[in-house]
Amino acid sequence: MGEERFGEFVLVRRHGEQGVAELVLDRPKAMNAVSTEMARSVAAACASLGGDHGVRVVVLTSTHERAFCVGADLKERNSFSDAELLRQRPVARGAYTGVLELPVPTIAAVHGFALGGGFELALSCDLIVADRTAVVGLPEVSVGVIPGGGGTQLLPRRVGAARAAELIFTARRVEAEEAHRLGLVDQLVGAGEDRESALSLAARIAANSPVGLRAAKRALRLGQGLDLRAGLEVEDAAWRAVAFSGDRAEGVAAFNERRAPRWPGQ
């Protein structure tokens, strides 16, 4: 397993030849509160992962036993002048868009608190695996702001406009079972099993064509919000991008030869 650190608070682990990479939030003394430095590190790690064609799936995890991420570092924010807060905004956004724009499938492994920007990091992933200790929510209006890491746009895409409005307007915290029932998380697993379950899911996904995975994600993301006709054109463009690839040729050959494919990744 190879490891690379991005700043003090973010670690990337590459799991052998599986094509699975782990993006680890590692600021345990602050329950992974997202400071300016940590936001820069998340963005830098995402840029590195996005450009690595050996990476097929990214899993977002936490080293803190009781929290995935508690959101923005409000102690740091409290020290900012208005001008400093404005200057920090694109840095903060860079962390969330970095995760959101990763070109490969992404999975968040959530336990304990995933609140505010912490839940928005999870929402920026394609799938969320949560254990039974998870508590999620977007409490920003309770401190005079709004979800600014994508929450007002990503949450309604998951659960619908009215449900998202209720959760954002009330600022309430949602425990694991209700979160699963409402669709705030996709899989609910036993306490302490979120990371291993997410890595296992990532390994199953990573066994598939790297070219196919990236194209499928692109079609899913670009097609959101479009009418059906426009969405089908997005899908057709993605199909054309893979139809004449080495992965498609290898996939068909492996199927006919009844063997596991050896993906060229191009």
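**Exercise 1.** In this predicted model, give the strand order of the open four-stranded sheet and find which strands stand at its edges.

*Solution.* Step 1: the four strands of this open sheet are ordered 5-7-9-10, and the pairing is mixed. Step 2: strand 5 (67-69) and strand 10 (174-175) each have a single partner strand, so they stand at the edges with one side lacking a neighbour in the sheet. Step 3: inside the order, strand 7 (residues 113-115) runs parallel to strand 9 (residues 135-137), and three bridges join them. Step 4: as a point of reference in this pair, Leu 115 stands opposite Gly 137 of strand 9.

**Exercise 2.** Describe the open sheet of seven strands: its order, its edges and one of its pairings.

*Solution.* Step 1: the order reads 1-2-3-4-6-8-11, with mixed pairing. Step 2: the edges are strand 1 and strand 11 (187-189); each has a single partner strand, so one side of each is left without a neighbour in the sheet. Step 3: on average, and with direction ignored, neighbouring strands here are turned by 20 degrees against each other. Step 4: strand 4 pairs with strand 6 (residues 106-110) in the parallel sense over three bridges. Step 5: Val 59 has Ile 107 in strand 6 as its bridge partner.

**Exercise 3.** Check the length of helix 1 against the value expected from its residue count.

*Solution.* Step 1: helix 1 covers residues 36-50. Step 2: the expected span is 1.5 Å times one less than the number of residues. Step 3: for the 15 residues of helix 1 this gives 21 Å, and the end C-alpha atoms are 21 Å apart, which agrees.

**Exercise 4.** Which residues of helix 1 are buried, and what covers them?

*Solution.* Step 1: the buried residues are Thr 36, Met 38, Ala 39, Ser 41, Val 42, Ala 45, Cys 46 and Leu 49. Step 2: to read the spacing of such a list, recall that an α-helix has 3.6 residues a turn, so residues three or four places apart point the same way. Step 3: the cover includes strand 1 (2-6), strand 2 (10-15), strand 3 (20-25) and strand 4 (57-62), together with helix 2 (74-78) and helix 3 (82-100).

**Exercise 5.** Is Leu 49 buried or exposed, and which residues does Leu 49 touch?

*Solution.* Step 1: the cut-off for buried is under 20% relative accessible area. Step 2: Leu 49 has 1%, so Leu 49 is buried. Step 3: leaving out residues up to four places away in sequence, Leu 49 touches Val 12, Arg 14, Ala 21, Leu 23, Val 55, Val 58 and Leu 102.

**Exercise 6.** Classify the packing of helix 5 against helix 6, and of helix 9 against helix 10.

*Solution.* Step 1: helix 5 (residues 151-159) and helix 6 (residues 161-170) pack at about 130 degrees, with axes 7 Å apart. Step 2: these two helices, helix 5 and helix 6, are therefore oblique to each other. Step 3: the crossing of helix 5 and helix 6 is right-handed. Step 4: residues in this contact include Leu 155 and Pro 156 of helix 5 and Ala 164 and Leu 167 of helix 6.

Step 5: for helix 9 (residues 210-223) and helix 10 (residues 228-243), the axes come within 9 Å and cross at roughly 165 degrees. Step 6: angles over 145 degrees count as roughly antiparallel, and that makes helix 9 roughly antiparallel to helix 10. Step 7: the crossing of helix 9 and helix 10 is right-handed. Step 8: among the residues that meet are Ala 215, Ala 219 and Leu 222 in helix 9 and Val 234, Ala 238 and Val 242 in helix 10.

Definitions and conventions. Residues are numbered from 1 along each chain as its sequence is written. This is a predicted model: local features need pLDDT of at least 70, side-chain atom pairs count only at pLDDT 80 or more; totals for chains, interfaces and linings use all residues. Side-chain values use heavy atoms; hydrogens and water are left out. Buried means under 20% relative accessible area, exposed over 50%, partly exposed in between (1.4 Å probe, protein chains only). Contact means heavy atoms within 4.5 Å. Two strands pair if DSSP finds at least two bridges between them. Axes are lines fitted to C-alpha atoms, for helices over the stretch in contact, and angles run from 0 to 180 degrees between N-to-C directions. Angles under 35 degrees count as roughly parallel, over 145 as roughly antiparallel, 65 to 115 as roughly perpendicular and the rest as oblique. A crossing is left-handed if the near helix is turned anticlockwise from the far one by less than a right angle, and right-handed if clockwise.
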